[in-house]
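Biologist: I'd like to get to know this structure with you, one question at a time. Please start with the basics and keep the terms simple.

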Amino acid sequence: MKIGIAADHGGWQLKSELAGMLRLAGHEIVDFGAGTLDSADDYPIFVIPMARAVVEGSVERGIALCGSGVGASIAANKVAGIRAALVNDPFSARQGVEDDDMNVICFGGKVIGIALATELVNIFLAARFSGIARHSRRIAEVSALETPSGHQMRVSEPVAG
C-alpha cells in the first residue's frame, strides 16, 4: 500500500520509526516531512500536503503525527475529503475505517510508543470500509458540510432538560 506520513518535531521520532517499520513490511512510504528534527517547525506545513495527497489519491492512506496528535488531527480534517482521527486503541483503529471510512490516522509522538503505534497502524491499514447504508449515509451527511450548502443539512433540536 502507498502511505503518506507527516510529522512535526513532536512526532518526528515516532514517524521515523513507523516509516521504517512500514517499509520493512513492504509498503511504499511517501514522507511529507519533517525531514530533520527542528523544534521550531509547525505540523500544518507537513500534515496539510499529506492530507491533500490522500484526497487526490496519490497515496491511499495517511498517518499524521505531532506531540499530542490533536493538532495533526485538526489540521488534517480541514482538508475536504479527509476523515482523520486521533486513535489510541485497537477498536477505534478498526472501527474508524469500517464504519467511518477514516483515511488518516493520527498519533501523538509524546503519547504512545512504537509498539502500540505499530499495532494500530497495522489494524488501520488492514481495515476496509463496510459500505453499510447507514455508514454511507452518515459519511455523506458529514461530507455535505464541506460544500457551500452544507449548512442546510437536517439537524436535531437540542434536547430540553
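Modeller: Happy to! A salt bridge here is a side-chain nitrogen of Lys or Arg within 4 Å of a carboxyl oxygen of Asp or Glu. This is a predicted model, where local features need pLDDT of at least 70 and side-chain atom pairs count only at pLDDT 80 or more, while totals for chains, interfaces and linings use all residues. Residues are numbered from 1 along each chain as its sequence is written, and side-chain values use heavy atoms, with hydrogens and water left out.

Biologist: How many salt bridges does the structure hold?

Modeller: Side chains of opposite charge can pair when their charged atoms come close. Among the pairs here are Glu-28 with Lys-2 and Lys-15 with Asp-31. Another joins Arg-94 to Glu-98. In total, the number of salt bridges is four.

Biologist: How many residues apart in sequence are the parts that Glu-28 and Lys-2 tie together?

Modeller: The nitrogen and oxygen of this bridge are 3.9 Å from each other. Helices (H or I, at least four residues) and strands (E, at least two) are DSSP runs numbered from the N terminus. Glu-28 belongs to strand β2 (residues 28–31) and Lys-2 to strand β1, so their bridge ties together parts whose separation in sequence is 26 residues.

Biologist: Are Glu-28 and Lys-2 buried or partly exposed?

Modeller: Relative accessible area decides this: buried is under 20%, exposed is over 50%, and partly exposed is in between, using a 1.4 Å probe and protein chains only. Glu-28 has 46%, and Lys-2 has 29%. Because those values fall in the middle range, Glu-28 and Lys-2 are partly exposed.

Biologist: Which partner in the bridge of Lys-15 and Asp-31 is buried?

Modeller: The N to O distance for this pair is 2.7 Å. Lys-15 sits in helix α1 and Asp-31 in strand β2, so the bridge links parts 16 residues apart in sequence. Asp-31 is partly exposed at 38%. With a relative accessible area of 2%, the buried partner is Lys-15.

Biologist: Which helix holds both Arg-94 and Glu-98?

Modeller: The closest N and O atoms of these two side chains are 3.5 Å apart. Arg-94 is partly exposed at 35%, and Glu-98 is partly exposed at 27%. Four residues separate them along the chain, which means about one helical turn, and the helix that holds them is α4.

Biologist: Let's go inside. How many residues make up the largest nonpolar core?

Modeller: A nonpolar core is a set of buried Ala, Val, Leu, Ile, Met, Phe, Trp, Tyr and Cys residues joined through side-chain atoms within 4.5 Å. Leu-18, Leu-22, Ile-63, Leu-65, Ile-105 and Phe-107 touch the most other members of the largest one. Elements that each supply at least two of its residues include β1 (2–7), α1 (12–24) and β3 (61–66). The count for this core is 24.

Biologist: How many residues are in the other core, which includes Phe-46?

Modeller: It lies apart from the largest core. Ala-6, Ala-64 and Ile-82 are among its members, and its residue count is 20.

Biologist: How far apart are the C-alpha atoms of Cys-66 and Cys-106?

Modeller: Cys-66 is found in strand β3 and is buried at 3%. Its contacts (heavy atoms within 4.5 Å) include Asp-8, Tyr-43 and Phe-107, leaving aside residues up to four places away in sequence. Along the chain, Cys-66 and Cys-106 are 40 residues apart, while their C-alpha atoms are separated by 8.2 Å.

Biologist: Which cysteine does Ser-73 contact?

Modeller: Ser-73 belongs to helix α3 (residues 70–77) and is buried at 11%. Setting aside neighbours within four places in sequence, Ser-73 is in contact with Ala-84, Ala-85, Leu-86 and Cys-106. The cysteine in that list is Cys-106.

Biologist: What is the omega of the peptide bond from Gly-33 to Ala-34?

Modeller: Most residues other than glycine have a negative phi, and most peptide bonds are trans. Ala-34 is in the loop between β2 and α2 (44–56). The bond from Gly-33 to Ala-34 is cis, with omega near 5°.

Biologist: And what is the phi of Asp-101?

Modeller: Asp-101 lies in the loop between α4 and β5 and is partly exposed at 24%. Its phi is positive although Asp-101 is not a glycine, with a value near 55°.
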